[in-house]
Amino acid sequence: MPRLLVTPLSSLADALDAHAPSHLITLLSPQNMIETPEGFAPAMHLKLGINDIIDPQDGTAPPARQHVDSLLSFSRGWDAKQPLLIHCWAGISRSMASAYTILCDRLGPGHEIRIARAMRQRAPHAQPNRLLVQHADDALGRGGRMLKALDHMGPAQLVQEGVTTVFPLEGL
């Protein structure tokens with residue numbers, strides 16, 4: 001079954017071993033960016049150097065439209081035969097926003113609330129980065145529906161770090 005996986009950086013090696021993804025997306029601040037894991041094809045590893053912020057400040061790398069465009073282009077090249085693994089530092093914000101974006105793109109318009117609720121059910125700790133989702137909403141022409149759908153998730157369980165979470169592309 002085609003699936004997306006979201007994990008924190010601390011669980012990346014275990015997730016790579018356990019799930020054998022074909023594609024990897026890393027969302028870390030530019031100063032904390034990692035190298036492509038050994039044995040993984042660099043062409044199948046998208047690195048997005050962004051800070052987990054919603055209010056841009058000098059000296060930071062906020063999520064921007066070009067990051068979402070890169071994310072969408074990369075994920076559209078994924079054939080879904082093997083998992084796509086997404087990670088950020090804690091597996092809570094940037095990676096969850098990216099998974100939400102990819103799911104909204106794959107499942108099409110009109111499913112934003114259903115996807116957000118399914119995300120909350122599978123990941124009580126998810127707090128998708130709202131600036132990243134705002135850019136995704138613009139890129140996908142959703143007219144604010146993706147951002148509004150996040151409000152239907154309800155409050156997140158406060159944790160320091162998420163756990164590896166599986167999102168199927170079917171049956172959300």
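How many bridges join strand S1 to strand S5 (residues 165–168)? Four bridges join the two, which run antiparallel. The model is predicted: local features need pLDDT of at least 70, side-chain atom pairs count only at pLDDT 80 or more, and totals for chains, interfaces and linings use all residues. Residues are numbered from 1 along each chain as its sequence is written, and side-chain values use heavy atoms, with hydrogens and water left out.

Strands are DSSP runs (E, at least two residues), as are helices (H or I, at least four), numbered from the N terminus. Two strands pair if DSSP finds at least two bridges between them.

| Partner of S1 | Bridges | Direction | Residue pair |
|---|---|---|---|
| S5 (residues 165–168) | four bridges | antiparallel | leucine 4 and phenylalanine 167 |
| S4 (residues 84–88) | five bridges | parallel | valine 6 and isoleucine 86 |

In S1 (residues 3–8), five of the six residues are buried (under 20% relative accessible area, with exposed over 50% and partly exposed in between; 1.4 Å probe, protein chains only).

The largest nonpolar core (buried Ala, Val, Leu, Ile, Met, Phe, Trp, Tyr and Cys residues joined through side-chain atoms within 4.5 Å) has 38 residues. Leu4, Ile86 and Phe167 are among those with the most contacts inside this core. Helix H3 (residues 94–107) gives the most to the core, seven residues. A second, separate core has nine residues, including Leu12, Leu16, Leu28 and Phe40.

Leaving aside neighbours within four places in sequence, phenylalanine 167 is in contact (heavy atoms within 4.5 Å) with residues including Leu4, Val6, Met96, Leu103 and Met119.
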